[in-house]
Amino acid sequence: MSNQWKLVPVEPTESMVINGFESVPDECFSDEEVWEQYQAMSGCQQAAFRAKLCWAAMIAASPVPPQADLDRVTAERDAAKETLERWHELNLQREAKLEALQQRLTAADERADVLEGLVGEVLDAIGREPLDLDAVLRLRARMRAALKPAEAPRNQCDGCQAGIPLINGTHRMGREGGYPDFMGCSAKLYKPAEGDGEDEPEVDTLRLRI
């Protein structure tokens, strides 16, 4: 345990109690400098000073706990620390997934804006007389390009990015020798499906019923 912490009994021992009340400043037993400093204090300052002296004396007189209790407290502390580290890692993974989802939503919004603008241009072009067939064909090509499936994003799997080996479809996250936190590999979510992105054959003419 840290030097700033100490394991003490719930009920103070007789030795702790004696050392506690004997720590009160006394004109006959305290150092002259300490006594003069104590006398110069206000009533509240003297009370706080006595409490600190009592606490320090009782802590110093507290018995050494059994090794079994020390081992138990140390194990509980290490387990709590490991749990906190695990939750921290899980929170980082959650934030990464949320960021990836936000990027996809932003891209979808931008795509919808582009398509909305193209639909308006197509309606304007069809409503003009005489009909500009070349302009309509160009707009159709732009709409097809906008409707084309977006390229698959790069692999965002945390385990793959960290270079952690894949075992039975999972990555072992966390510290080596620590809590076995297995995370399923999500690389397959970022692979393009077969046949995606294939363009439809272009036609040279557009038949309109007028």
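**View A. R72 is partly exposed, at a relative accessible area of 42%, and reaches E76 in a salt bridge.** Partly exposed is the range between buried, under 20% relative accessible area, and exposed, over 50% (1.4 Å probe, protein chains only). This is a predicted model in which local features need pLDDT of at least 70 and side-chain atom pairs count only at pLDDT 80 or more, whereas totals for chains, interfaces and linings use all residues. Numbering starts from 1 along each chain as its sequence is written, and side-chain values use heavy atoms, leaving out hydrogens and water. Here the closest N and O atoms of R72 and E76 are 3.4 Å apart, which meets the salt-bridge cut-off of a Lys or Arg side-chain nitrogen within 4 Å of an Asp or Glu carboxyl oxygen. Both R72 and E76 sit in helix α4, residues 67-127. They are four residues apart, about one turn of that helix. With 47% relative accessibility, E76 is partly exposed too. In all, the structure holds three salt bridges, and the next two views show the others.

**View B. R77 pairs with D78 in a salt bridge.** Look for the closest N and O atoms, which lie 3.1 Å apart. How accessible is R77? R77 has 43% relative accessibility, so it counts as partly exposed. D78 is likewise partly exposed, with a relative accessible area of 38%.

**View C. A salt bridge between R142 and E121 links two helices.** The side chains of R142 and E121 meet at 3.2 Å, N to O. R142 belongs to helix α5 (residues 133-147) and E121 to helix α4, so this pair ties together parts that are 21 residues apart in sequence. At 43% relative accessibility, R142 counts as partly exposed. E121, at 35%, counts as partly exposed as well. Step back from the side chains and the two helices come into the picture: α4 and α5 pack at an angle of about 165°, with their axes 10 Å apart. The two helices are therefore roughly antiparallel, a label given to angles over 145 degrees. Axes are lines fitted to C-alpha atoms over the stretch in contact, and angles run from 0 to 180 degrees between N-to-C directions.

**View D. A cis peptide bond joins E129 and P130.** Most peptide bonds are trans. At the bond between E129 and P130, omega is about -5°. Where along the chain does P130 lie? You will find P130 in the loop between α4 and α5, the two helices linked by the R142 and E121 salt bridge.

**View E. V17, I18 and F21 form a nonpolar patch on the surface.** Together, the three residues offer about 250 Å² of accessible area, from the Shrake-Rupley method with a 1.4 Å probe. Patch members have over 30% relative accessible area and no salt bridge, nonpolar side chains being joined within 5 Å and like charges within 9 Å. I18 lies in helix α1, residues 14-21, and V17 is found in α1 too. V17 counts as partly exposed at 38% relative accessibility, and I18 is partly exposed with a relative accessible area of 30%. Follow V17 across the fold and you come to C54: the two are 37 residues apart in sequence but 8.9 Å apart in space, C-alpha to C-alpha.

**View F. Helix α1 crosses helix α3 (residues 43-61) at roughly 150°.** The axes of α1 and α3 come within 8 Å of each other. That angle makes α1 roughly antiparallel to α3. In the segment before α1 you can pick out L7, which counts as partly exposed at 24% relative accessibility. How far is L7 from I59? Their C-alpha atoms are separated by 9.2 Å, although L7 and I59 are 52 residues apart along the chain.

**View G. The whole chain contains six helices and three strands.** Helices are DSSP runs of H or I with at least four residues, and strands are E runs of at least two. Reading from the N terminus, the elements run α-α-α-α-α-α-β-β-β. Of the 210 residues in the chain, 17% are buried.

Key:
Angles under 35 degrees count as roughly parallel, over 145 as roughly antiparallel, 65 to 115 as roughly perpendicular and the rest as oblique.
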